[in-house]
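Subject: Structure for you to look at

Hello,

Here is the structure I said I would pass on. Please open it next to this email and follow along.

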Amino acid sequence: MVCQFIRTVLIGVLVSFLNTGLAMDFSQKEKDLEGYILSGFLSKHFGTKEKYNEQNHGLGYMTLDGLFGGAYKNSLGKTSVYGGKEFQSDPYKLGPVELRALFDLGAVTGYKKPITPVAMPGLGVSLNDYMLALGLIPPIKDVTPATLSLQLRKKF
């Protein structure tokens, strides 16, 4: 009951956040409207014989300053809602490709606890308006084995 209430509140906050963006006055500077559309995740769980859903379909949004939120079908087959802040290093440029260290702090629903805190290091590879973000979730006893996640992002 509590978990369902929290999930409903988080979905409501996400929908309000996204809806606010759609109702904005488009006379603002174009840069004020920029951000990233986030895909769900591809994941790979290591060191376990358990079967997990490795294709985590979903959708999210991240502002240019790193605030993000979204929803996806998690590795247990449940709907998860997530939100938080991403910190990025300055890019290392290899021609048109940029590499960045990423660090996400946030929370997610849909696992053993109603809300699970998340701290995930990663690597971002950007080319033009696209970024692939590879994250590492370390093994957490009685929660998850070591997991790699891959997310596609499109800047708009």
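The surface comes first: the chain exposes about 10000 Å², and 65% of that area is supplied by carbon and sulfur atoms. Please keep in mind that this is a predicted model.

Of the 156 residues in the chain, 29% count as buried. As for contacts, take those in the chain with a separation of 6 or more: residues 24 or more positions apart account for 43% of them.

The secondary structure comes to 1 helix and 9 strands. Reading from the N terminus, the order of elements is α-β-β-β-β-β-β-β-β-β, so you will meet the helix before the strands if you use the definition of elements numbered from that end.

Now to the strands S6, S7 and S8. Strand S6 covers residues 97-108 and strand S7 covers residues 116-127; the two run antiparallel and are joined by 12 bridges. One pair to find on screen is Asp 104 and its bridge partner in S7, Met 120.

S7 is also joined to strand S8, residues 130-137, and these two run antiparallel as well, with 6 bridges. Here you can look for Leu 123, which stands opposite Leu 134 in S8.

What do S7 and S8 form, and how many residues lie between them? They form a hairpin, with 2 residues between the strands. Asn 128 sits in the turn and has a positive phi of about 55 degrees.

Regards

How values were computed: Residues numbered from 1 in each chain as written. Predicted model: local features only at pLDDT ≥ 70, side-chain atom pairs only at ≥ 80, totals over all residues. Heavy atoms only, no water. Pairing = 2+ DSSP bridges. Helix = DSSP H or I, 4+ residues; strand = E, 2+ residues; numbered from the N terminus. Buried < 20%, exposed > 50% of the residue type's maximum accessible area, 1.4 Å probe, protein only. Contact = heavy atoms within 4.5 Å. Areas by Shrake-Rupley, 256 points an atom, 1.4 Å probe, with all protein chains shown as cover.
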